[in-house]
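Subject: Structure for you to look at

Dear colleague,

Here is the structure I promised to hand over, together with its sequence. Please open it alongside this message, since my notes are meant to be read with the model in view.

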Amino acid sequence: REALPVDLSPAGEVLAQSFYGETTNVVSFQMPKFQCILSLETSFRDAQTQSRFDGVPAPHQIFVACRESNGKVIGLCELDGRKKKNSGTGALEPTPYMSNLGVDKKWRRCGIAQELVKACEVKASKDWVMETIHLKVEKNNAAAVSLYCKMGYKMRDVDISLADPHKKTTIWMSKQLNATQTDNEQRAEQLKASSTI
């Protein structure tokens, strides 16, 4: 579902756990957790403010997955269609851009990440009428790379920082949304045609 303001703090904690949980301890985890919560709250607030000024909804959405029993946030994904410049190069980033996909450790391998990605794809293609969706993933995150490949994402570019040997290699991936819909429509037509023969 689409995130509400009350979801942002627990979503930020899930995000921090997903990206920093393995490399921090109880004390050092607090700073990344705070940064993740602040980042989600800021992007959510900025999109709301932009919507009020422009009079139309800003192309930005945070999706959350919640437990049915108690409503606890167990996963999230962010989709942003607003134009942004790359802080390093100054070039415009491709949009819409999917980011911050994270699932609580206890709930991984249950299909939650895939459902969150699908929600972003539907939002981008149906509501925002965009044809392509983009993302960046760390090359060594085998589970995420595998998920995106299975869902039809293709590698577009690799970002290797020669200036900073500690920086991780990232892969830019994208997916043609309309091609998927067209393929599905063609398969449906083929099935319909073969069932009438």
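What follows is a description of what was found, going from the whole chain to the sheet, the helices, the cores and a few backbone details.

Please keep in mind that this is a predicted model. The mean pLDDT of the protein is 83, and 84% of its residues reach 70 or more. Confidence is highest in helix 3, at a mean of 95, and lowest in helix 5 (residues 177-196), where the mean is 54, and I would ask you to keep that last value in mind when you look at helix 5.

The secondary structure comes to five helices and six strands, which follow one another along the sequence in the pattern α-α-β-β-β-α-β-α-β-β-α. Of the 197 residues in the protein, 36% are buried. Among contacts with a separation of 6 or more, 59% are between residues 24 or more positions apart.

The six strands form an open sheet with mixed pairing, in the order 1-2-3-4-6-5. Strand 1 and strand 5 (154-159) stand at its edges, and because each has a single partner strand, one side of each is left without a neighbour in the sheet. On average, and with direction ignored, neighbouring strands are turned by 25° against each other.

Two of the pairings show both senses. Strand 1 (60-66) and strand 2 (73-80) are antiparallel over seven bridges, and within this pairing Val64 has Leu76 of strand 2 as its bridge partner. Six residues lie between these strands in their hairpin, where Gly71 takes a positive phi near 75°. Strand 3 (residues 97-103) and strand 4 (132-138), on the other hand, pair in the parallel sense over two bridges, with Tyr97 opposite His134 in strand 4. Although strand 1 is at an edge of the sheet, this strand is mostly covered, with six of its seven residues buried.

Part of the setting of strand 1 is given by helix 2 (residues 30-54), which lies across strand 1, strand 2 and strand 3 and runs at about 130° to strand 1. The buried residues of helix 2 are Pro32, Cys36, Ile37, Leu40, Ser43, Phe44, Ala47 and Ser51, and what covers them includes helix 1 (8-20) as well as strand 1, strand 2 and strand 3. An α-helix has 3.6 residues a turn, so residues three or four places apart point the same way. The end C-alpha atoms of helix 2 are 36 Å apart, which agrees with the 36 Å that its 25 residues should span at 1.5 Å a residue. Gly55, which follows helix 2, has a positive phi near 80°.

Helix 3 (112-127) has 16 residues and reaches 22 Å from its first C-alpha to its last, close to the 22 Å expected. Its buried residues are Ile112, Ala113, Leu116, Val117, Cys120, Glu121, Lys123, Ala124 and Ser125, a list in which charged residues such as Glu121 and Lys123 also appear.

The largest nonpolar core has 27 residues, of which Met98, Leu101, Ile133, Val137, Tyr148 and Tyr153 touch the most other members. Two or more residues of this core come from each of strand 1, strand 2, strand 3, helix 3, strand 4, helix 4 (142-150) and strand 6 (170-176), and helix 3 gives the largest share, six residues. Apart from this core lies another, of 14 residues, among them Ala3, Leu15, Leu40 and Ile62. As for Val137, its contacts beyond four places in sequence are with Ala144, Val145, Tyr148, Thr169, Thr170, Ile171 and Met173.

Finally, some residues that are not glycine deserve a look at their backbone. Asn100 has a positive phi of about 55° and lies in strand 3; with a relative accessible area of 23%, Asn100 is partly exposed, because the cut-off for buried is under 20%. Arg109 has a positive phi of about 65° and sits in the loop between strand 3 and helix 3, where its relative accessibility of 75% means that Arg109 counts as exposed. Val129, just after helix 3, takes a positive phi of about 50°.

With best wishes

Definitions and conventions: Residues numbered from 1 in each chain as written. Predicted model: local features only at pLDDT ≥ 70, side-chain atom pairs only at ≥ 80, totals over all residues. Heavy atoms only, no water. Helix = DSSP H or I, 4+ residues; strand = E, 2+ residues; numbered from the N terminus. Buried < 20%, exposed > 50% of the residue type's maximum accessible area, 1.4 Å probe, protein only. pLDDT = per-residue confidence, 0-100. Core = buried A, V, L, I, M, F, W, Y, C linked by side-chain atoms within 4.5 Å. Contact = heavy atoms within 4.5 Å. Pairing = 2+ DSSP bridges. Axes fitted to C-alpha atoms, helices over the stretch in contact; angles between N-to-C directions. Expected span 1.5 Å × (residues − 1).
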